[in-house]
Amino acid sequence: MRLRFATTGLLLLLLSAGCKEQYTPQTGPEINPGPPLRVLPEIRVLDAGMTPQRPLRYSVEPAQTERVVIELARARAAQAGESGVASVLPPVQLEVQFGPVEATPQGWVRQPVQVTRVRLSQEAEQMSPVEREQLQKELAPLLNVRGWTDMDMQGRIRRSEFQAIADVSPRIRTLLGNIRTALITVPLPEQPVGVRARWEVDRELELSGVDVKQTVTYQLMERDADTLKLQITARQSAAPQAISGGRVEAYEASIIGSATVRLEQLVPYSEAESNSHMRISASAQGQPELIRVEGKTAVRVSPVESARPGHSIEIQ
């Protein structure tokens, strides 16, 4: 069989060499390959848990659509020498639509993502008119954010693309980044596991221009068919590094929360709290200055029908 293919190839070569007219191959339009593949996070099983141990895999139907509400609030305090300043982000609700889902040739699921509504808590009415207007302007670009992600059956994001995310302020992008990597996407281990199993997921992130290492630990507390109850803890840290206007000397953050993962659904329902500590060295009027920044954030992801009341200020 190999000899036959070789002889045929030789005849074609001789025939093409004897032709007077040379064939010029036609080039088709260049195809955009799309965004590059993501670097897969490392998933380490620390404890496979009790028996029976079974694989955990998502199974999402095509055309599936989900709508959730992400509720978040944040407080920060910065101190330099004898002076200090505090800032509060009153509770905000983001209504987000995931889907309709499409299957990809690789066997992944592509889920369009779009922020459809942004509402402020009535607590914002306690702010001055100028502060409230500034906050509304900061949140308004979220309504233009839309894109898609490709997720494999282990819950790992393989590729994604979003529009208008650059118009969102750095602090809001940081909040959403932490929510996505710790709560919205829950990567599952490759090997079978049982109740009480624990696994870790390592990622390298960029948060507000700071290169951060993040480790999220998931523990499977209960399993009822395709519904998982997880306890979530996470830690973030950053090595000393230069940033715009100064230098980060130290950064640490801790996150603790829980999630309900339904393997036939896209988005887990979850809630968590985080505390962060950062030291920044800067220069003020030619003199070195050390700034300490403390932050606390609360997040809840729930179905639209379970959203907490009291968020009546609609962002346009």
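Me: What makes a run of residues count as a helix or a strand here, and how many of each are there in the protein chain?

Reply: Helices (H or I, at least four residues) and strands (E, at least two) are DSSP runs, numbered from the N terminus. By that rule the protein chain has three helices and 15 strands. This is a predicted model, in which local features need pLDDT of at least 70 and side-chain atom pairs count only at pLDDT 80 or more, while totals for chains, interfaces and linings use all residues. Residues are numbered from 1 along each chain as its sequence is written, and side-chain values use heavy atoms, without hydrogens and water.

Me: How do you know where confidence is lowest and highest?

Reply: The predictor's confidence in each residue is its pLDDT, from 0 to 100. Helix 1 (residues 2-18) has the lowest mean, 32, and strand 10 (residues 227-238) the highest, 96. Over residues 1-32 the pLDDT is below 50.

Me: Why is the charged end of R110 said to sit over the ring of W148?

Reply: The definition asks that NZ of Lys or CZ of Arg be within 6 Å of the ring centre and within 35 degrees of the ring normal. The charged end of R110 is 3.7 Å from the centre of the W148 ring, so the distance limit is met, and the pair is listed as sitting over the ring. R262 likewise sits over the ring of Y269, with its charged end 3.9 Å from the centre.

Me: What makes V118 notable in the largest nonpolar core?

Reply: A nonpolar core is a set of buried (under 20% relative accessible area, 1.4 Å probe, protein chains only) Ala, Val, Leu, Ile, Met, Phe, Trp, Tyr and Cys residues joined through side-chain atoms within 4.5 Å. V118 is one of the residues that touch the most other members of this 56-residue core.

Technical notes. Buried means under 20% relative accessible area, exposed over 50%, partly exposed in between (1.4 Å probe, protein chains only). Contact means heavy atoms within 4.5 Å.
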